[in-house]
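Open the model in your viewer and keep the sequence panel in sight. The tour below goes from one selection to the next and says what is there.

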Amino acid sequence: MATDRVLLVDDEVEFLEALAERLKIRGLEVECARSGREALDIVEERIFDAVVLDLSMPGLDGIETLRRLRTLRPELQVMILSGRATVQTAVEATRLGATDIFEKPTDVETLVQRIRAARAARLAHEQEVAQENIDEIMRTKGW
């Protein structure tokens, strides 16, 4: 059985490592990025079911990282996890396509459930794209 894959993005190293360990214990495959730029580089190379993204980071902040992630991989399920989210940033994150917004600290079981749901959504999207490709081939070949 394939494993749920998640990318954690947070500049707080201790928090990042603790959350990664808690998710690994629950059977998830976890990769970590300590900046928005690092997250973008990783997502260009690998497929994830979900990205859990902090909003408040130096350099490329969470909102700009989210914007670029959605451009890079529109189907990607991005969840916001922040200790400093405001109503304004939450609205902006939702407008940009964040699927969930969690406050730090968050219930790990709830986060795991949402990551697993993200995997199901990604697989459904891939199946839909494959079917569209098949339909297009059938139309163009006249079968």
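## A tour of the predicted model

Select helix 1, which supplies the largest share of the lining of the largest cavity, 3 residues. Keep in mind throughout that the model is predicted.

**The whole chain.** Before going further, zoom out. The protein chain has 5 helices and 5 strands, and read along the sequence they follow the pattern β-α-β-α-β-α-β-α-β-α. The C-alpha atoms fill a box of roughly 55 × 35 × 25 Å along the principal axes.

**The cavity.** How many cavities of 30 Å³ or more does a search of the whole structure find? The search finds 1. About 40 Å³ of space lies in the largest cavity. To display its lining, select L8, V9, D10, F15, L16, L19, V52, L53, D54 and L81. Then colour the lining by secondary structure element: strand 1 (5-9), helix 1 (13-25) and strand 3 (50-53) each give at least two residues to it. Colouring by class instead shows 8 nonpolar and 2 charged residues, with no polar ones.

**Helix 1 against helix 5.** Stay on helix 1 and add helix 5, residues 108-141. The two helices pack at an angle of about 65 degrees, and their axes are 11 Å apart. Helix 1 is therefore roughly perpendicular to helix 5. Helix 1 passes helix 5 in a right-handed crossing. Show side chains for L19, R22 and L23 on helix 1, and for V108, L111, V112 and I115 on helix 5; these residues make the contact. By class, the contact has 6 nonpolar residues, 1 charged residue and no polar ones. L19 has already been on screen, as one of the residues that line the largest cavity.

**The loop before helix 5.** Where is P105? Select P105 and you land in the loop between strand 5 (100-103) and helix 5. Now add K104: a cis peptide bond joins K104 and P105, with omega at about -15 degrees.

**Helix 2 against helix 3.** Move to helix 2, residues 36-45, and show helix 3 with it. Their packing angle is about 10 degrees, and the axes lie 10 Å apart. Helix 2 and helix 3 are thus roughly parallel to each other. For the contact, select G36, R37, L40, V43 and E44 on helix 2, then T65, R68, L69 and L72 on helix 3. By class, these contact residues divide into 4 nonpolar, 2 polar and 3 charged.

**Helix 3 against helix 4.** Keep helix 3 (residues 62-72) and add helix 4 (residues 87-95). What is the angle at which their axes cross? The axes cross at roughly 5 degrees and come within 10 Å. Helix 3 and helix 4 are therefore roughly parallel to each other. On helix 3 the contact is made by I63, L66 and R67, and on helix 4 by T89, E92, A93 and R95. Coloured by class, the contact shows 3 nonpolar, 1 polar and 3 charged residues.

**Last view.** To finish, show helix 2, helix 3 and helix 4 together. Helix 3 is roughly parallel to helix 2 and roughly parallel to helix 4. On helix 3, the contact with helix 2 uses T65, R68, L69 and L72, while the contact with helix 4 uses I63, L66 and R67.

Key:
Residues numbered from 1 in each chain as written. Predicted model: local features only at pLDDT ≥ 70, side-chain atom pairs only at ≥ 80, totals over all residues. Heavy atoms only, no water. 1 Å grid on protein atoms, 1.4 Å probe; cavity = no way out; pocket = protein on both sides within 12 Å on 5 of 7 lines; lining within 4 Å. Points joined across faces, edges and corners; volume = space filled by probe spheres on them. Helix = DSSP H or I, 4+ residues; strand = E, 2+ residues; numbered from the N terminus. Nonpolar A, V, L, I, M, F, W, Y, C, P; charged D, E, K, R; others polar. Axes fitted to C-alpha atoms, helices over the stretch in contact; angles between N-to-C directions. Parallel < 35°, antiparallel > 145°, perpendicular 65-115°, else oblique. Left-handed = near helix turned anticlockwise from the far one by under 90°. Contact = heavy atoms within 4.5 Å.
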